[in-house]
Amino acid sequence: MPLILPLLLAVLLFCIGVYGVLARRNAITLLMSFELMLNAVNLNLVAFDAWRLDGLATGQTLAVFVITLAAAEIGLGLAIVLLLFRGHGHVDADAARDLVEQDATEQRKGAAT
Amino acid sequence: MTTALFCVAGAVAVVASVIVVTSRRIVHAALWLVVALGAVAGCFGALHAEFVALVQILVYVGAIVVLVLFALMLTKAPTNPLPTLTSGRSPFAAAIAAALALLLGTGVVLAFGNEKVDPVPDGSAEAVGTAVFKTWVLPFEVLSVLLLAALIGAIALSQRKKED
Amino acid sequence: MNAILLGILALPLLAALALWALPAAIGDRLAALYGSVVSGLVLAGSLILWPWNDGWFAYTPDERALRAATDVPWIPALGVRFHVAVDSISMPLIVLTALLVFLCCLYSLRITPRIGRTRSLIALLLVIEAGVIGTFSAMDLVLFFLCFEIVLIPMWLVIDIWGDEHDPAGRKRAATTFVLMTVLGSALMLLGFLLVYRQAGTFDIVRLTNAPVLGGHGIPLAAAILIAVGLAVKVPLWPLHIWLPDAHAKAPTVGSVLLAGVLLKLGTYGMIRILLPVLPDATVTIAPYLAGFSTVAIIAGSLACLAQTDVKRLIAYSSVGHMGFIGLGISTLSPAGLRGALFANIAHGIITGLLFFLAGAIKDRHDTSDLRAIGRALYARLPRIGALLTFACLASLGLPGLAGFWGEMLVLLGAYDPSDLLPRTTYLVLMVIAGLGTVLTAAYFLRLVRNLCQGDPAEHPATAFAVDLSRIELITWAPLVALTVLLGVWPGLLLHQWGNL
Amino acid sequence: MIATAWRVLGVGFSLLVVLTAGLLAGAEPGRSSFLNSSIDGLTLGFAVRTDDLTVLLLAVVGVVATCVQVYSLGYLHERPASYHALVALFTAAMVTVVVADSLFLLLIGWEVMGACSYLLIGHYWERRDARSGAVKAFLMTRLGDVGFLFGIFVLGVGAGTFRISELDPAELSSGVLTTGTLLLLVGVVGKSAQVPLQTWLPDAMPGPSPVSALIHAATMVAAGVFLIARLYDLFAASATTLTVLAIVASVTMLFAALCAMAAVEVKRVLAWSTVSQLAIMFAGLSLGTSDGRHAALFHLVTHAAFKGLLFLCAGVLLHQIGSAAFVVLRRYTRRGRLRKALPVTFATMTVGLAALAGVPGFAGFFSKDTVVEAAWHHAQDGSGLGWVVLVSVCLTAALTAFYCLRLWLWVFFRTPALAGGIGAFEDDDPMADLDEPDTSKLRDAPWVMLSPLVLLAIASVVLGYADGVHLNWVVGLVTTVLVLLGALPAYSLWSRGADPRPVVLEREFGVDPLYHRLFAVPARWLARLTVAGDRDVIGAYVRATGRTGTLVSQGFRRMQTGNVQTYLTAAVVGVVAIAVLAGVIGS
């Protein structure tokens, strides 16, 4: 099997994940896109492990670690999403702009009025 | 044989993940994520990383997606199609993603275009287990602490404040 | 010897830290006393460093010889060394610095800004002293730059906190303009230093002086322009002088004295110490432009003085004109011109220090520095201060027989007979213009005396509480007056120091 | 207490100068130098010398200074400490100039004299005219001094030395010589109030009268004459400079004499006559001959005596009456009181005016005739310059006689035509007939003031014979006739009670307003322009830099939308861009 196949698949998955992260509005879908990107990385790890065959299965081990990390990440991420929902009544990442530069908004408002 | 299997699983994964990021129904997207992750697990299998594939199914499909579904329910996600689920930036985002894909793809093809993979078919569970508890034991322990921290963090975050 | 130099570098710095460590409740007098003792020790140390050993006020024939050198590696990876030493160029400036800081601390024993917090003010003055002496003794470009910058922040605080109490916004703006413009200049200067390092591979001024970066165009020229512009901000040369009037006018008395008496000298010292020996060919290329801008500074500064209505601003603008003379002297690259610049540095420090002390005294007594609000006939109200002001004005306008004359005379002599590498005709024209500038200088000082000291006392009755010259003022100003006369009748005292520069 | 100390010190110092002059008289000329330092082969330092010229000037300075110091004891009541100190300082500065052998030492004395002059003119700083006169005097002399300084440079660098005794015209190229002496001449013109820098001296008259006598008549303004006499070898070697000097002197003596003819205040008349008499000395010097130099110095000495005397007399008038304006003095004269109340002053002033006018037998007659004679000899040698000088000095002699007689008659005598009625000067004063002065208390000044007058009056006669009388009868006759020619119109005008003052003369040819418009006003405009330029051009750039920074930062702040996805997008774009860039650069 050519090595390029899993690598290309990983690239595709990663970029789809990037698209999802950049374009989706719902915070939960953002998290799902992150999972896709992590999976792409895992795929790379496993593919290179199969290619190198170092006997220690380093790639696979790291892939397992990454899966664990992903579990931790989604746990925390979902908790944050819940907090957001509790605070704002929605989980729209586009509308969550609490970190906006205050003066700039005021000026923009002033200019609009 | 494995190549064919990989190709099929890969195609399924790509199609499913595209649906995940484009579907207008959130719940559908979550369910298609199951398909995508499962297909990736299939890919792992095709690469003879059975242990990883199993962990993938167990943890991802079994735990994470369930968690996601719970979160959807808790945030009262509607099941009907939402036209606003994708923001106005999507064409731009697509362009960037395509550019990135082109870039990475070119790089990968140029670097590894002629390499072959010959996976060892006799399973990897033993090797992984040995590696985890011999070579990687310290990171493994750190990871467990991290998980614990994430657990506590998630609890702390999702707790309501007293005055609420 | 080198222990003394290190001592007068470290002592003020450590003393300032110790002063901050003391509780704030130690009282203003005690803080000022502490500052006086420390700066007095520094002054004593600097006087010990003065080359006495060949007899009274003697000088050594080999002028280039560095004294009290300490040369240890500091940042080996960059080739930066902690190299300090003094020679006949820096020694008078160090003594001047020590003297002025000492007098400022002494002055603070009785007279302090109304804002209070004298403890911090004294500590900042000591930090400034350490930084300035460090700049004057640094023999490494990076060390020079570092000390050059150390001076800025305390000065900024002094203007910002203890400045004009009637105009908080104005003093803040003045302080900010001061610090931003000078930092901009320092940044350019640092770039120039880096270019020099790239060309020569060392930051050491002594080595660079012995093996200068030759070539009058390309990278040496760029380095020279950058360093010259950087230092010109500090000098300040027209049109980079815009920070100066505000900073001087808003600063407290001691701040103005140090700013004019010491800080401006950093720029001209840097030109003589770094620009001339390290980049000789490139300096020749830029010297006519430097001379041109200096001459414009002389005329523009004097003209601006003619239209001032604020006594502190007027004196500040007069510094622009006087520093223009120094710039002209440096740019002649001739022995007479350089000596004139060095001499004028010292003379300007002494005389303008005295002038700012006097302006501060007048301002304290009338609670304003606006000439119209102060009124006229100071001779009738404060006869001694008025007489001293007249004396200082005459000294500052370059009356022969007082310190201000020799520097300007030598500068003009240098412009009459500049280095062979320079266009003589240009310098002759500049000399004539600068000579007319001395008439303008006389004009605005006489205008000041006329509008402030003279006048009908009936129209401007004495303020009831205003006292004439107090004892502390007499003690503080007497050394400056004495030095003005001494250097005026015996310029050789300093000129000997620069025997064959 | 302090004032007394300064009084004693002032008088003592002046006497010391006289004593020094006496001790040095006849001694061998000597030189010494001290406090030297060398720059690039040029020695900057101080050097003094004593020779005949030094002794002569020391004597003049000492005697006049002593007279003035003693006179001031009675004259001055306000702020005597600073006054006497400054007069002593001035004397010291003048002595410095006289003994200097180093050009820089000379310059120090030269300018310290100027500063003392400034401070002493401004002694009555309550008065506006004193203030402005002081500033004007300092600035105009300072302008000349810049030229003087440059002249020192040219000569010193050209000759390689700043020692006067080492300056040798033979070693200097003619260009250096001409430029240097011309530049020195600028300083001389400024100091001695010659055209075109003449306007400060009449305006310096608000100063105390003894100061006018010492500084603005006898010594400081004569320093220019001294300087040229000191550097006579150099000046004589440069024909161009001599020509310029002759033209300046000729123009000045006529100009100033004409101005004096129309002045209506005693001190102003005397001031203009000083300018005119100084010009006569310069005319003598400009001949370039040793006769001319001798004549000029002779005139300097006699002039110091009689002009000092005249100013001190004017001081008595000011002190006893309070004004020296013709219009005020006339009120006393109408009753015929002035002459009788101030007999000593009247007598000494008559002597002084006679000497000034060149009445035969008085000192001024002899010294002026020496100048005329030197010019005559020079003219006979075929020099056009000699003729110019000769004609202008003769004309000036006539004009001088006119204004001296006019002053004398109008101040001290009743006009026969009007018999004490309305005179010519009352037209100037609308208050004239309202105010009848109380003349009963008018007395002559105390003897401490009168004794210097008497001393100087004697000198004004005797000094004419001090040089030995070698009178050229033809010249004497011609000048006497000219004096008579000048005096007659003055007498006839006075006896008719008329004092015609042409506007152009009364306004002193409009030079002062012209200078004001040409220099003072543009300077003021330029000053405003500079300040505005600093504020609105250079300052605007600085402010604009600050504002640009704020604007740019506002732009950057606007990018802070709060939307995480925007940030991420930017980050990804950046990563892609950097990767592409790295690829491009790498390939």
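Visitor: What makes residues 138-420 of chain C helix rather than strand?

Guide: Over residues 138-420 of chain C the chain is 81% helix and 0% strand. Helices are DSSP runs of H or I with at least four residues, and strands are runs of E with at least two, numbered from the N terminus. The end C-alpha atoms of this stretch are 30 Å apart. This is a predicted model, in which local features need pLDDT of at least 70 and side-chain atom pairs count only at pLDDT 80 or more, while totals for chains, interfaces and linings use all residues. Residues are numbered from 1 along each chain as its sequence is written, and chains are lettered from A and ligands numbered from 1 in the order in which they are written.

Visitor: How do you know that chains A and B are in contact?

Guide: Two residues are in contact if their C-beta atoms, placed from the backbone, lie within 7 Å. By that rule, 61 residues of chain A are in contact with 76 residues of chain B. H3(A) gives the most to this side of chain A, with 21 residues.

Visitor: Which residue classes make up the side of chain A that touches chain B?

Guide: That side has 47 nonpolar, 10 polar and four charged residues. Ala, Val, Leu, Ile, Met, Phe, Trp, Tyr, Cys and Pro count as nonpolar, Asp, Glu, Lys and Arg as charged, and the others, Gly among them, as polar.

Visitor: What share of chain A counts as buried?

Guide: Of its 113 residues, 56% count as buried, that is, 20 or more other C-beta atoms lie within 10 Å of the residue's own, with C-beta atoms placed from the backbone.

Note on methods. Buried ≥ 20, exposed ≤ 12 C-beta atoms within 10 Å, placed from the backbone.
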